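The following exercises are to be worked through with the sequence and the three-dimensional structure at hand. Each task is followed by a solution in steps.

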Amino acid sequence: MMKRLSIFLILMAVGCAKGQKQGPGLSEMSDDQAEAAVEGQQPPAGADAGEPPPDQAEEAPEESAEPQGGQAKMRAGAEYKPLGSALQTGDEELLVREASKFLAKNSKDLVTLNAMAMHYFNRRKPELAKLILAKALALYPKSATVHNNLGLVYLKEKKQTEAIASFKRAQELDPDHPESAANLGSLLVRTRNYPAAVGYMQKAYRYMDKDPVIANNFAIALMGVKKYPDAAKVLENVRAGESNNPTLLLNYAILLVEHLKDKKGGLKIVNKIRFLSQDEGILNKAQRLAEKAEAIK
């Protein structure tokens, strides 16, 4: 019996000036933000829902699911370092002090506006974040970063349709913007639109190929379109078999046992899951995979 795919969304945000490119290593995600974004939601209108894999893939690695989504890793000049530090640590006093310096010089400073918006987003004050992003959007309507960050706020508010539209707009403005590609791709995976998700996740993976969350979601999308060897390469690239995260290991075991029929490799991963996990649901799935692996000739 086919089982419904379950996945935590990748939530990303960066504060950067107009025209700056973001580099790798920008992924952030949050358990509660992802849950809020996906529970009870339907696929977006017009989505071409793909066929799910024969066995369920799981959520992104739990070790990356601490409440930290949207904590921007600033890719700006050295002069913004204190502002970036304040954003990372959540030091509101320092952030306001540093932001005031930049806004006094230039009230349209996009790096500062983004940093302030993401600070309030991190502090679970989406309305304040949205107000600041609205100002930024009025000043910089073609900023992919602003549209991406606004999409995060919509996710926080459980407005998935608006979030998808924001991420799509960011991609239209800058097809090479990795954060919006990852966010949009993960939402498409969550709605089981795997054919569309693959392209966006591939973009994100090009910039963040060592990020286990990106790799996990890209692999799920590839499994959804039955590109199992490609999914294996993606997971092997982040050393999934050496991970200590039971959820990522479980996805890898599903791929090895269900799709690649790798008895030895699958059992090795399953045994590692049994050693590491105390989660009854994961252990039950591992047991079923072990039984399937033993039946492989």
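## Exercise 1: Aromatic pairs

Tyrosine 80 is buried, with a relative accessible area of 11%. The model in which this value was computed is a predicted one.

Task: Determine how many aromatic pairs a search of the whole structure finds, and characterise each pair.

Solution.

Step 1. The search of the whole structure yields 2 aromatic pairs.

Step 2. Tyrosine 80 and phenylalanine 102 form a stacked pair, with 4.5 Å from centre to centre and 20° between the planes. The assignment as stacked follows because planes under 30 degrees apart count as stacked.

Step 3. This pair links distant parts of the chain, 22 residues apart: tyrosine 80 is in the loop between helix H1 (31-38) and helix H2 (81-89), and phenylalanine 102 is in helix H3 (residues 92-105). Phenylalanine 102 is buried, its relative accessible area being 12%.

Step 4. Tyrosine 205 and phenylalanine 218 form a tilted pair, with 5.2 Å from centre to centre and 50° between the planes. Tyrosine 205 belongs to helix H9 (residues 194-207) and phenylalanine 218 to helix H10, so the pair ties together parts that are 13 residues apart in sequence. Tyrosine 205 and phenylalanine 218 are both buried.

## Exercise 2: The packing of H10 and H12

Task: Describe how helix H10 (residues 212-224) and helix H12 (residues 246-259) pack, and state which residues meet.

Solution.

Step 1. Two packed helices are described by the angle between their axes and the distance between the axes. For H10 and H12 the angle is about 25°, and the axes are 11 Å apart.

Step 2. Angles under 35 degrees count as roughly parallel. H10 and H12 are therefore roughly parallel to each other, and their crossing is left-handed.

Step 3. On the H10 side, the contact is made by Pro212, Asn216, Ile220 and Met223. On the H12 side, the residues are Leu248, Asn251, Ile254, Leu255 and His259.

Step 4. By class, the contact of H10 with H12 comprises 6 nonpolar and 3 polar residues, with no charged residues.

## Exercise 3: The packing of H12 and H14

Task: Apply the procedure to H12 and helix H14 (residues 280-294).

Solution.

Step 1. H12 and H14 pack at an angle of about 20°, with their axes 10 Å apart.

Step 2. H12 and H14 are therefore roughly parallel to each other. The crossing of H12 and H14 is left-handed.

Step 3. H12 contributes Pro246, Thr247, Leu250, Ala253, Ile254, Val257 and Glu258. These residues meet Ile282, Lys285, Ala286, Leu289, Lys292 and Ala293 in H14.

Step 4. The residues of the contact of H12 with H14 divide into 9 nonpolar, 1 polar and 3 charged.

## Exercise 4: Buried residues in helices

Task: Establish the surroundings of histidine 147 and the position of leucine 83.

Solution.

Step 1. Histidine 147 lies in helix H6 (residues 144-156). At a relative accessible area of 9%, histidine 147 is buried.

Step 2. Apart from its neighbours within four places in sequence, histidine 147 contacts Leu137, Pro141, Ser166, Arg169, Ala170 and Leu173. Histidine 147 and arginine 169 are 22 residues apart in sequence, and 6.7 Å separates them in space, C-alpha to C-alpha.

Step 3. Leucine 83 is located in helix H2 and is buried, with a relative accessible area of 0%. Leucine 83 and valine 96 are 13 residues apart in sequence and 8.6 Å apart in space, C-alpha to C-alpha.

## Exercise 5: Positive phi outside glycine

Task: Locate lysine 158 and lysine 226, and decide whether each is buried or exposed.

Solution.

Step 1. Lysine 158 is not a glycine, yet it has a positive phi of about 65°. Lysine 158 is in the loop between H6 and helix H7 (160-173). Its relative accessible area is 56%, and lysine 158 is exposed.

Step 2. Lysine 226 has a phi near 65°, a positive value in a residue other than glycine. Lysine 226 is in the loop between H10 and helix H11 (228-237). Lysine 226 counts as exposed, at 62% relative accessibility.

## Exercise 6: The whole chain

Task: Give the helices and strands of the protein and its buried share.

Solution.

Step 1. The protein has 14 helices and 2 strands.

Step 2. Of its 297 residues, 56% count as buried.

Step 3. Among contacts between residues at least 6 apart in sequence, 66% join residues at least 24 apart.

Note on methods. Residues numbered from 1 in each chain as written. Predicted model: local features only at pLDDT ≥ 70, side-chain atom pairs only at ≥ 80, totals over all residues. Heavy atoms only, no water. Axes fitted to C-alpha atoms, helices over the stretch in contact; angles between N-to-C directions. Helix = DSSP H or I, 4+ residues; strand = E, 2+ residues; numbered from the N terminus. Parallel < 35°, antiparallel > 145°, perpendicular 65-115°, else oblique. Left-handed = near helix turned anticlockwise from the far one by under 90°. Contact = heavy atoms within 4.5 Å. Nonpolar A, V, L, I, M, F, W, Y, C, P; charged D, E, K, R; others polar. Buried < 20%, exposed > 50% of the residue type's maximum accessible area, 1.4 Å probe, protein only. Phe/Tyr/Trp six-rings, centres within 6.5 Å; stacked < 30°, edge-to-face > 60°.
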